[in-house]
Amino acid sequence: MKFFIDTADVAEIREAQSFGLLDGVTTNPSLIARTGRKFRDVIEEICEIVDGPISAEAVSLDFEGMRKEAKELAAIHENIVVKLPLTLDGLKTVRWCSDNGIATNVTLCFSPLQALMAAKAGADYISPFVGRLDDVGHDGMELISQIIEIYGNYNFDTEVLVASIRSPTHVLEAARMGADVCTIPFNVIQKLVHHPLTDQGIEKFLEDWKKVPH
Ligand code: E4P
């Protein structure tokens, strides 16, 4: 399973990159806004840090506007993946991008039928938002299971990118289901390695090591 980081904070991206576990980055307009920096500056810097797919989101809602943005975003760097919303105009743009060699990530997916539509349009990635579904009393991971089943039935190449991850449990379940990618906030990446028994074990080993004659 590939690990992407879900942030536009370059300090977090640099640190996660230093762990040697990072395969890519996803951003969205809210994450970019949080940096207080210009969109293009942030995206260019991320492309310098990580050599992997970097999702940058278009903000137009109509086909012509999204197509224009897709071309501009793709021109920034060869690793750019254009993030497009799950609307009819978004899917039309996905098809155009797919026909023109531009990689796409279809975002704001909340149903298996939406995911099927994105795959049929030729999306490279589908981003189902599990945390936001959990937030409204639905089962986000059940959506992932349904999408994996449907994509498997028809051998779609679209990669399932689990998004809106809130906890290590989401990552665990995604891995057990065989999701292609998890895009994970920095604080959750840190939590993935922590275990109290590991900490206790280190402490005990170091304590005992002091008793070994040198
Ligand atoms: C996906 O690519 C989005 O950036 C992200 O996962 C949304 O997560 P949120 O629900 O925590 O905002």
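## A contact with the ligand

Let's start at Asp-6: an N or O atom in its side chain is 2.7 Å from an oxygen atom of the ligand. Keep in mind that this is a predicted model, and that the distances here were computed from it.

Two other side chains have a similar story to tell. In the side chain of Lys-83, an N or O atom is 2.6 Å from a ligand oxygen. For Arg-132, the distance from a side-chain N or O atom to an oxygen of the ligand is 2.7 Å. On its own, the ligand has 350 Å² of accessible area, and the protein covers 85% of that.

## The ligand's surroundings

Where does the ligand sit? You will find the ligand in the largest pocket.

Asp-6, Lys-83 and Arg-132 are among the residues around the ligand, and so are Thr-26, Asn-28, Leu-31, Phe-129, Ala-163, Ser-164 and Arg-166. How many residues of this shell are nonpolar, polar and charged? The shell holds 3 nonpolar, 3 polar and 4 charged residues.

## Back to Asp-6, from the other side

Asp-6 also has a link within the protein. Its backbone nitrogen lies 3.4 Å from a polar atom in the side chain of Thr-183. So Asp-6 meets the ligand through its side chain, while its backbone nitrogen pairs with Thr-183.

And where is Thr-183 in the fold? Thr-183 belongs to strand 8, which spans residues 181–184. Is Thr-183 buried or exposed? Thr-183 counts as buried because its relative accessibility is 1%, and the cut-off for buried is under 20%.

Technical notes:
Residues are numbered from 1 along each chain as its sequence is written. This is a predicted model: local features need pLDDT of at least 70, side-chain atom pairs count only at pLDDT 80 or more; totals for chains, interfaces and linings use all residues. Side-chain values use heavy atoms; hydrogens and water are left out. A residue is near a molecule or strand if one of its heavy atoms lies within 4 Å of it. A polar contact is a pair of N or O atoms within 3.5 Å; within protein, one must be able to donate a hydrogen and the other to accept it, and residues adjacent in sequence count only if both atoms are side-chain atoms. Accessible areas come from the Shrake-Rupley method with a 1.4 Å probe; for residues, only the protein chains shown count as cover. On a 1 Å grid over the protein atoms alone, a cavity is a set of points where a 1.4 Å probe fits but cannot get out, and a pocket is an open set with protein on both sides within 12 Å along at least five of seven lines; lining residues have an atom within 4 Å of a point. A molecule sits in a cavity or pocket if more than half of its atoms lie within 2 Å of its grid points. Ala, Val, Leu, Ile, Met, Phe, Trp, Tyr, Cys and Pro count as nonpolar, Asp, Glu, Lys and Arg as charged, and the others, Gly among them, as polar. Helices (H or I, at least four residues) and strands (E, at least two) are DSSP runs, numbered from the N terminus. Buried means under 20% relative accessible area, exposed over 50%, partly exposed in between (1.4 Å probe, protein chains only).
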